[in-house]
Every structure is written in structure tokens, then in C-alpha cells.
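Welcome, and please open your viewer. This tour goes from one selection to the next, with a word on what you will find at each stop.

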Amino acid sequence: MSIARIATRLYGHSMDAGLIERVRQVIGSTGETQAVMAERIGISPDKLSKSLGGKRRFTSLELALIADFGGRTVDWLLRGVEPRSALGAAARKTGACEHTTDEVRRLLGRYEQVIDALARIGSDLPRRAHTRPEGIDGTQLAQAALEAVGTDPWTLSTQNLASSFEQAFGVEIAGVDLPDKLDGLSWSTESFDLILVAKTNVWTRQRFTLAHELGHILAGDAHDEAVVEKVQPGRSTTAMEVQANAFAAEFLMPRTTVLADARDRTAGGDLVAELAWKYRVSPSAMATRLKVLGVLTADQRRQWGAMLTADGARIAGAAGALEQHMVNTDRSQRGWHPRRLTELAIKAYASGDTTVRPLAALLDLDPDVLLDLLEPAQPEPEQQQAAPSDPGTELAFSP
């Protein structure tokens, strides 16, 4: 691939007058000279002058630094528009969590950048497959969601459960690093719904958070304001959080099936462990559920709810339970990217419809690094050694 083609696919811009004018606007707005700006972005004043004169292309790093220095975004420099709503998105904090607005905006902006880029080229983006019902509680909402998914959630891994949510409800879902040990984030815009759950070594918590955040999306809690939270089952007191917890409990541990499994069984640690393992939830979540359903007393819930998931797997005695627990833990620590968005972004890049930038944003990789992975430079051909001029010298032979 030619240098020009690589540059075009990586940076996605030509040195048009609009880009140059917007860079000049940023420099002017800072009140600094071109020499100071050049120093700030790590190039010589001569290189900056050539770029402003259209004789040299800005690199992606330079544009990022210019945008950061001027309080703008690279999208604005390239196209004169900001992402649709990330900059103005508020975040509704729930639970005992802390976050900064900038961290939340950065996360939201990553996904908006991808969706905007795919929308501009006419990709067949996911459409919402749900409406926001009124007048029903979290339990009823979960029952409707179970019908829409069409598969018992305890038969699916967490990532496959996320994929089933994407397919049934048109929501984008990823397991990512979240700031300040947050458990989850959910956000609805006019164009898409987004759920982010934190990478964690407690896979049952990640699973409950995923269902909890879907409850926010389906109830319409995350519209206009992103819900950013540390999930606290059984401890939250706001109506919004109580409803999301009720949704997650009913969706992951449906009343009718849990009661059927508990019927004629002795209430105790074995029951809690076995049902927790079957429904892929923590012993604490199952003990609380059984208490709500009248199977356990409050004292029994406190006693058996303190059990660790690994201990529950051992007590459950299912074949390979501990090994599967370790696999689940490993997967929840690694996280995942939205399946459909990733497929669309790869397809758009491979067909030449977009640059590598949207895919890099989705994967949270530097565009240069990703480009090297996708299109590694070809090694230089080895130079052949000339044959010896002395006819009496034997040629070296390497089998």
C-alpha cells in the first residue's frame, strides 16, 4: 500500500482549507504564537508553517494535541462538527460511586464516534427493538424481557447473554475498564442505547450489573442522562434503583422457576449453593432472592448469603464447577467489545469505506498501532551476494 493511501486511511482527511482554518482558529483562540503551539505539539515551527500552508499533512497525534490544547475535539478539526451529544451528556450518579465528567464523556464519545462514522457511510446500524412501556414495575418488565430474549438466561455465558440483549433490544454492550471502580454505565440517545459493564474478577457481579443496566435502558431511566453507578442490590432506596434491581433479580432468577426448583427441598446452604450455580448468580444474590420468595428466613439469608461463589461451586458439586468458575472469572476480567458494532467497523474498514480511526476508537487502540497490526509493513528484500569472481573458489552451499 502506498504511503499516500496509508495516510488517507489512517488520518481520514485531506489538507483542505477548512481543516487548516480550524487549526488557525484554535491557535488564535489560545492567544499563543505559532512557535508556542509548535512547541506544545512537539514539532518545529517550520513544520507547523508547512502544515498551515497545505504543504505538509498533520499527523493524528498532532491533531489530537492541537484539539486538546484548544479545548476542542479532533472531530471538530476534521469536519467542523462536534460529536452529537457526548460533550453535553450529563451523568446521573447512583450508589456509592465517584466519577469525573471528563472520564464519562470520553467513554461515551468513543462509541458515538464509531456510530457517527458508520452512520455517515450508510451502514445498516442496529435499530431499537423495544419501546419504553409505562405503568409496569421492574418485575413485569423483566418478564416481558425474558419473552423477548426467548432463551433461559442461565443457559448463556455473560458475553452470550450480552449478545442476546443486543439482538433482542438493539442495545450496544461492552465489558470495559470503568473509572473509579464503577460497576456499570447505561445511556440512551435518540440514535442508540449503550451499556458498559466493568471488567472484574467477580463474574457474578458483572452478570447482575449487565441485567441491572438493561433494566435502566428498558425503563427509560438513562435517556438524556447517563446512569453511572456502583450497583448495590438490596441496599438502594431510590425508586429507579429498586426497579432496576427488581428487574435483574426477576430476569436472572425468575420467580416461577426458582420456586419450582426449591419446592420440597430443605432450606440451607446446599440449596443456596446449587441454585446459585444453576442460575449463574452469587450465593448472596440467590440467598436474597430466596428470602424475598419466602423460602429462607432472614437469619438463613445472612448465614448462607455470606458464602463465596467459589465455595458455592464446590458445594454445588456440579461436574467441572470449579474449573468453569475459573473460566468465568478469566472472561469477566478480559471484557469484550460490542459484537455487532465491531463487525460493522471491521467490514467498513476492509471495504475502504472508513479510515481505521472508528475501529481504533471502538477497540480503544492508538490508530497507528492498529494500522500496524492490520497492515504490517513488508520486510525489505534481502540483497543477494554477488558470486565470487575467482573461478577457482568453490561456492558456499546452504541446504
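**The cores**

Begin by selecting Phe165, Phe169, Phe251, Met253 and Met286: these residues have the most contacts inside the largest nonpolar core, which has 47 residues. A nonpolar core here is a set of buried Ala, Val, Leu, Ile, Met, Phe, Trp, Tyr and Cys residues joined through side-chain atoms within 4.5 Å. Buried means under 20% relative accessible area, exposed over 50%, and partly exposed in between, with a 1.4 Å probe and protein chains only. Apart from this core lies another, of 33 residues, including Leu125, Phe192, Ala226 and Ala348. In soluble globular proteins, nonpolar side chains tend to be buried together.

Before moving on, note that this is a predicted model, in which local features need pLDDT of at least 70 and side-chain atom pairs count only at pLDDT 80 or more, while totals for chains, interfaces and linings use all residues. Residues are numbered from 1 along each chain as its sequence is written, and side-chain values use heavy atoms, with hydrogens and water left out.

Now centre on Met253. Leaving aside residues up to four places away in sequence, Met253 touches Ala248, Val258, Tyr279, Val281, Ala285, Met286 and Arg289; contact means heavy atoms within 4.5 Å.

**The aromatic pairs**

How many aromatic pairs does a search of the whole structure find? There are 6. Rings of Phe, Tyr and Trp (its six-membered ring) pair if their centres lie within 6.5 Å; planes under 30 degrees apart count as stacked, over 60 as edge-to-face and the rest as tilted.

Select Trp203 and Trp277 to see an edge-to-face pair, with 6.2 Å centre to centre and 90° between the planes. Trp203 belongs to helix α10 (residues 203-219) and Trp277 to helix α13 (residues 269-279), so the pair ties together parts that are 74 residues apart in sequence. Helices (H or I, at least four residues) and strands (E, at least two) are DSSP runs, numbered from the N terminus. Trp203 is buried at 4% relative accessible area, and Trp277 also counts as buried, at 18%.

Next, pick Phe247 and Phe251. Their ring centres are 5.9 Å apart and their planes are at 10°, so this pair is stacked. Both residues sit in helix α11 (residues 239-252), 4 residues apart, about one turn of the helix. Phe247 has a relative accessible area of 0% and is buried; Phe251 is likewise buried, at 0%. Add Phe165 and Phe169 to the selection, and you have one aromatic cluster of Phe165, Phe169, Phe247 and Phe251.

**Two strands with polar contacts**

Go to Ser186 in strand β3 (residues 184-188). Is Ser186 buried or exposed? Ser186 is buried, with a relative accessible area of 0%. Its side chain makes a polar contact with the side chain of Glu213 (2.8 Å). A polar contact is a pair of N or O atoms within 3.5 Å; within protein, one must be able to donate a hydrogen and the other to accept it, and residues adjacent in sequence count only if both atoms are side-chain atoms.

From there, step to Glu229 in strand β5 (residues 225-229). The C-alpha atoms of Glu229 and Ser186 are separated by 9.0 Å, with their positions 43 residues apart along the chain. Glu229 is buried too, at 0% relative accessible area, and its side chain makes a polar contact with the side chain of His212 (3.2 Å).

**Two helices with a buried face**

Select helix α2 (residues 17-30), where Leu19, Ile20, Arg22, Val23, Val26 and Ile27 are buried. Looking down the axis of α2, you will find the buried residues within an arc of 165°, so they line one face of the helix; the arc is that of the directions from the helix axis to the C-beta atoms. On the other side of α2, Ala17, Gly28 and Ser29 are exposed. Gly31, just after α2, takes a positive phi of about 75°.

Finish at helix α16 (residues 309-316), whose buried residues are Thr309, Gly312, Ala313 and Ala316. Down the axis of α16, these fall within an arc of 100°, so they line one face of the helix. They pack against α10, α13, α14 (283-292) and α17 (321-334). Gly317 follows α16, with a positive phi near 75°.
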